[in-house]
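Trainee: Please take one part of this model and go through it closely, ring by ring where you can. After that, show me what else can be said about the rest.

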There are 2 protein chains.
Amino acid sequence: MLSSALQSQKQNAMATHRSQTKREKILDVAEELFALHGYDGVTLRQIAAGAKVDVALANYHYGKKLDLFNAVFERRAALLNEARLEALHQCQRESGSGGPTVEQIIEAFLRPLELAQETGDPGWRHYLALIAYINNSPYWGPRMMSKLFDELVLEFIDALRTALPGAREEDIFWCYHNLSGALTLTLAQTGRIDKLSGGSCQSADFQAAYDHMIPFVAAGFRQVCREQ
Amino acid sequence: MLSSALQSQKQNAMATHRSQTKREKILDVAEELFALHGYDGVTLRQIAAGAKVDVALANYHYGKKLDLFNAVFERRAALLNEARLEALHQCQRESGSGGPTVEQIIEAFLRPLELAQETGDPGWRHYLALIAYINNSPYWGPRMMSKLFDELVLEFIDALRTALPGAREEDIFWCYHNLSGALTLTLAQTGRIDKLSGGSCQSADFQAAYDHMIPFVAAGFRQVCREQ
DNA sequence: GCGGCGATTCAACAAACGTTGAATTTCTTC
DNA sequence: GAAGAAATTCAACGTTTGTTGAATCGCCGC
């Protein structure tokens, strides 16, 4: 007798003898292409070709192109939010009555993104690049980011407020903006830092990126939000 | 008798009785639309309509769509690079034999972007958003950023290396990566921080963004690149 | 005022786009 | 194994796309 968790995994893996295979393959290919070329840079025919499927099948499963785009964006959001929230709560439990340090909070914000990569599923890498594309877009950013990620971000900002007593509201948010920017460019995986550094740094190495980002951002928060 | 600098301004303003007006209007509209919707999200007909011009005129002046995209990207690059390099050299001259501090170098890297906005030309705002789009794109970033901006960036990194003796190469580049990310998200002007902060922060206020980014980034550099 | 030339528009092309209704295959259920 | 439902393909639609060649406009020198 399988546990219900394992059962649902089993269902996802085998599906109903093929049916969900093509359906999910469409999402996988759309995820990769949207992340690389953006919404308008990808045609439904490219996605269908990549998934070895007729172009009408995407419409059958997901409706219009915009609905497919949203489906890709929403597929992994809940899982990601749960992992990050769990990491925040864990460091809050483990810290004393003073609450977690800035470093611990930033770490809880970033490390789950790295774990997502380590599942071996390349889809996660593409998904993170898609988030970077959307978050940095003046068109899509305001339309899509808030609904799925604002609640989580505000929880982390609450924790940071506690860890930085006396900080001004605007200072905290501008610091979060800097963190979000550094993270976004990392997720985009443009490979630019590889070339600039002559090979010293690798965009694909999320662990190295976060190893440097955590002390960098924490020091920035403390400098800007230090008590007046 | 006008100075040659003013003369060239005058020429730009009056042009040859109209001829350069439509030609430049196409660039202006393309700049704004490309920044907002990306390369594939804009059609030549939208650009032509915005410039109140026939669709064939863009082709006549700039060739293919990709050539127009490049023309927009290149138009203001040299001017921007000169302003930033001048700011770097000035703070190098003003500093003692020890060279400028990290804060001064970051300031020279960022403040010229703010001055560009203060000329009153809204085109600069759109251009900076276009840089953000390209820099964050896994497709365009590697293809377009290096040629115009690598030389300048490496000059600033040289200055930072001097200001941070004993720092590891990879640490410096990862820190620059964080700076570049924070800056990129700022230039994108998505308005997301406005909503998240409930109005405490405004994306359009570049000065406030840099006022917070300079100490934030400088502290990050010092923390990560401190002597071992 | 006429010829020439750059700037601009007109008209049209073939290709590719998102979307859809109907036909066909594949699976599930009895 | 027949019936019904779901999944998938087929074929086509009306638009829109980037691009181009030819025609027209507007100005300047002669």
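Mentor: What follows begins with the aromatic residues and then moves on to the DNA, the cysteines and a few single positions. Keep in mind throughout that the model is predicted.

Start with the chain that carries the rings. Chain A has 12 helices and 0 strands, and its pattern along the sequence reads α-α-α-α-α-α-α-α-α-α-α-α. Along the principal axes, the C-alpha atoms of chain A fill a box of roughly 60 × 50 × 35 Å. Chain A has 228 residues, of which 50% count as buried.

Now the rings. A pair of aromatic rings is described by the distance of the centres and the angle of the planes. Over all chains, a search of the whole structure gives 25 aromatic pairs. One of them is the pair of Tyr39(A) and Phe69(A), with 5.0 Å from centre to centre and 65° between the planes. Planes over 60 degrees apart count as edge-to-face, and this pair of Tyr39(A) and Phe69(A) is edge-to-face. Where do the two residues sit in chain A? Tyr39(A) is in the loop between helix H2 (19–37) and helix H3 (44–50), while Phe69(A) is in helix H5 (residues 65–75), so the pair ties together parts that are 30 residues apart in sequence.

Are these two residues buried or exposed? Buried means under 20% relative accessible area. Tyr39(A) has 12% relative accessibility, so Tyr39(A) counts as buried. Phe69(A) has 0% and therefore counts as buried too.

The pair is part of a group. Phe34(A), Tyr39(A), Phe69(A), Tyr139(A) and Trp140(A) make up one aromatic cluster. One ring of that cluster also has a charged residue over its face: Arg143(A) lies over Tyr139(A), at 3.8 Å from the ring centre. Elsewhere in chain A, the charged end of Arg76(A) sits over the ring of Trp124(A), and the distance to the ring centre is 5.1 Å.

Next, the DNA. There are 20 residues around DNA strand C, and those that come nearest are Thr43(A), Arg45(A), Lys65(A), Tyr60(B) and His61(B). Sorted by class, the surface near the strand has 8 nonpolar, 6 polar and 6 charged residues. Which elements supply at least two residues each to the surface near DNA strand C? From chain A they are H3 and helix H4 (55–62), and from chain B they are helix H2 (19–37) and helix H4 (55–62). H4(B) gives the most, with 4 residues.

On the DNA side, 61% of the atoms of strand C within 4 Å of the protein belong to sugar or phosphate, and the rest belong to bases. Some phosphate contacts can be given by residue. In the side chain of His61(B), an N or O atom is 2.9 Å from a phosphate oxygen of DNA strand C. For Lys64(A), a polar side-chain atom lies 3.0 Å from a phosphate oxygen of that strand. For Thr43(A), the distance from a side-chain N or O atom to a phosphate oxygen of strand C is 3.5 Å.

Then the cysteines. How many disulfides does the structure hold over all chains? The number is 0. Cys175(A) is in no disulfide, and its nearest cysteine sulfur belongs to Cys225(A), 3.9 Å away. Two cysteine sulfur atoms have to be within 2.5 Å to count as a disulfide. With a relative accessible area of 0%, Cys175(A) is buried. In chain B, Cys175(B) is likewise in no disulfide, with the sulfur of Cys225(B) nearest at 3.9 Å. Cys175(B) is buried, its relative accessible area being 0%.

Last, some single positions. Ser180(A) belongs to helix H10 (residues 169–188) of chain A and is buried at 9% relative accessible area. Its side chain makes a polar contact of 3.5 Å with the side chain of Asn135(A). In chain B, Thr186(B) is found in helix H10 (residues 169–188) and is buried, with a relative accessible area of 3%. Thr186(B) and Met213(B) are 27 residues apart in sequence, and their C-alpha atoms are 9.8 Å apart. Val217(B) is placed in helix H12 (residues 206–224) of chain B, and at 1% relative accessibility Val217(B) counts as buried.

Conventions. Residues numbered from 1 in each chain as written. Chains lettered and ligands numbered in written order. Predicted model: local features only at pLDDT ≥ 70, side-chain atom pairs only at ≥ 80, totals over all residues. Heavy atoms only, no water. Phe/Tyr/Trp six-rings, centres within 6.5 Å; stacked < 30°, edge-to-face > 60°. Buried < 20%, exposed > 50% of the residue type's maximum accessible area, 1.4 Å probe, protein only. Lys NZ or Arg CZ within 6 Å of the ring centre and 35° of its normal. Near = heavy atom within 4 Å. Polar contact = N/O pair within 3.5 Å; in protein donor to acceptor, adjacent residues only side chain to side chain. Nonpolar A, V, L, I, M, F, W, Y, C, P; charged D, E, K, R; others polar.
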